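Visitor: I'd like a close look at just one part of this protein, please. Could you pick a helix and walk me through it, from its backbone to its surroundings?

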Amino acid sequence: WTREMGGLWFPVASDFWPHGGLAKKLGILRSDGTAERALILVDKCGIIRFLDVHDINVRPDLGPLIEAMKKTHDGQ
C-alpha cells in the first residue's frame, strides 16, 4: 500500500495480528487481530511525536502528519 502513495521518503511499519505487539500496547488492537488505523511518528530517539488514531475504515488526512514530520525534522 505504500507504493500506492507514490513512494515514501521515510520508513513505514505495519503492526497487526499475529504480531500486533505495539498495537496492543497502544490499545488499538481489536480482538479479531486487526488494528485501528493509526498514524504514529516516532523520532530517532524513540519518542512519539505524533499519534492520530482512526477507525480502520476511515482514511485519515495525512496533512497533520506531514506537518508533524516537518516540525520534528526542523527540531521544533
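Guide: Sure, and keep in mind that this is a predicted model. Let's start where the helix has just finished: right after α2 comes glycine 75, whose phi is positive, at about 85°. Now step back into the helix. α2 covers residues 63-74, and at 1.5 Å for each of its twelve residues it should span 16 Å; the C-alpha atoms at its two ends are 17 Å apart, so the model agrees with that expectation.

Next, the side chains. Leu65, Ala68 and Met69 are the ones to find, since they are buried in α2. Look down the axis of the helix and you'll see the buried residues fall within an arc of 105°, which means they line one face of α2. What do they pack against? The buried residues of α2 have two strands as partners, β1 (37-42) and β2 (48-54).

The helix also has a part in the largest pocket. That pocket has a volume of about 1600 Å³, and 41 residues line it, with Val12, Ala13, Ala38, Leu39 and Ile40 the closest to its centre. Which elements give two or more residues to this lining? They are α1 (21-25), β1 and α2. Our helix provides the largest share, seven residues. As for the chemistry of the lining, 25 of its residues are nonpolar, ten are charged and six are polar.

So put the two views of α2 together: its buried residues pack against β1 and β2, and the helix also gives seven residues to the lining of the largest pocket.

Terms used
Residues numbered from 1 in each chain as written. Predicted model: local features only at pLDDT ≥ 70, side-chain atom pairs only at ≥ 80, totals over all residues. Heavy atoms only, no water. Helix = DSSP H or I, 4+ residues; strand = E, 2+ residues; numbered from the N terminus. Expected span 1.5 Å × (residues − 1). Buried < 20%, exposed > 50% of the residue type's maximum accessible area, 1.4 Å probe, protein only. Arc of directions from axis to C-beta. Contact = heavy atoms within 4.5 Å. 1 Å grid on protein atoms, 1.4 Å probe; cavity = no way out; pocket = protein on both sides within 12 Å on 5 of 7 lines; lining within 4 Å. Points joined across faces, edges and corners; volume = space filled by probe spheres on them. Nonpolar A, V, L, I, M, F, W, Y, C, P; charged D, E, K, R; others polar.
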